[in-house]
Amino acid sequence: MTVAANPNAEAETLNAKLAGLDLAGRLSFVAGLGGRVVFTTSLGIEDQVITAEIGNHRLPIDVATLQTGRLFPETLALIDETEKQYDIHISRYEPEQADIDAYAAKYGLNGFYESVEARHACCGVRKLKPLARALDGATIWITGLRRGQSANRAETPFAEYDAERHLLKVNPLADWDIDVIKAYVADNSVPVNPLHARGYPSIGCEPCTRAIKPGEPERAGRWWWEQDEKRECGLHVAEEASAIAAQQ
């Protein structure tokens, strides 16, 4: 598969096609488009649903995770459990030690608590740069983004063109709500992070994630000390991807 002359139009066509398919159909269709297809998983409950479909249907989709160096022990254990259950390999992409050392020298190891700038810099080192390596050579990037995760993601399409990374980004669970996700997990014995049962619907790095309070949005526990309700790590923000690309 090559990027079309009008990739945005191609993404719109793909978006319309995927809207009429179920999850298995969406993943199978995308896998059949050719080129390197990569699914990046954070091992959250929605990502586990996608991994289950990839494994059960033996789809030619590379599965990768960003092993940031600050993940919960429960998340690390789930990587191994998932590989064994679905007989798949999950590629781990880690930050470069030199980048971590440079960050610590400038901000302190936990400097992300002190400013938004420092937090974004940490996400850049531990997530965005490893993501760039994970997606190297990919033509399609599959994610677990859902519209119900936050107000900032309420308009998530099934497919869109990522102009910064020059690939198609596919969000096959865009229209799934959390109740449908939980029902799929229960019906198909999908392994999930035990932290979900302890009030963590969205799980990232351990220092930056807390359990949410009743009535809070799913992602309220991420970078909870910041006031911006649209806060993101930058993986799904075009400006952040562009900044990382400029550094390489």
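Let's start with Gly55. Which residues does Gly55 touch, once we set aside its neighbours within four places in sequence? In this predicted model, Gly55 is in contact with Tyr86 and Ile88. Look also at Gln85. Gly55 and Gln85 are 30 residues apart along the chain. Their C-alpha atoms are separated by 8.7 Å.

Is Gly55 buried or exposed? Its relative accessibility is 4%. The cut-off for buried is under 20%, so Gly55 counts as buried.

Now the surroundings. Gly55 sits in helix H3. Helix H3 covers residues 45–56, and helix H4 covers residues 73–86. The axes of the two helices come within 9 Å. They cross at roughly 30°. Angles under 35 degrees count as roughly parallel, and H3 and H4 are therefore roughly parallel to each other. The crossing is right-handed. Who makes the contact? From H3, we have Gln48, Thr51, Ala52, Gly55 and Asn56. From H4, we have Leu78, Thr82 and Tyr86. So Gly55 and Tyr86 both appear again here.

Next, helix H1. This one runs over residues 7–19, which makes 13 residues. What span should we expect? At 1.5 Å a residue, H1 should span 18 Å. The C-alpha atoms at its ends are 18 Å apart, so the two values agree.

Which residues of H1 are buried? Pro7, Ala11, Leu14 and Leu18 are. They cover an arc of only 65° around the axis, which puts them on the same side of H1. Check the spacing as you read those numbers. An α-helix has 3.6 residues a turn, so residues three or four places apart point the same way. Turn to the other side of H1, and Glu12, Thr13 and Ala16 are exposed.

What do the buried residues of H1 pack against? One partner is helix H2, residues 23–31. The others are strand E5, residues 159–162, and strand E6, residues 167–170.

Last, the whole protein. How many helices and strands are there? Eight helices and six strands. From the N terminus on, the order is α-α-β-α-β-α-β-α-α-β-β-β-α-α. The protein has 248 residues, and buried residues make up 50% of them.

One more number, on contacts. Take the contacts with a separation of 6 or more. Residues 24 or more positions apart account for 68% of those. Gly55 and Tyr86 gave us one contact to look at up close.

Definitions and conventions
Residues numbered from 1 in each chain as written. Predicted model: local features only at pLDDT ≥ 70, side-chain atom pairs only at ≥ 80, totals over all residues. Heavy atoms only, no water. Helix = DSSP H or I, 4+ residues; strand = E, 2+ residues; numbered from the N terminus. Expected span 1.5 Å × (residues − 1). Buried < 20%, exposed > 50% of the residue type's maximum accessible area, 1.4 Å probe, protein only. Arc of directions from axis to C-beta. Contact = heavy atoms within 4.5 Å. Axes fitted to C-alpha atoms, helices over the stretch in contact; angles between N-to-C directions. Parallel < 35°, antiparallel > 145°, perpendicular 65-115°, else oblique. Left-handed = near helix turned anticlockwise from the far one by under 90°.
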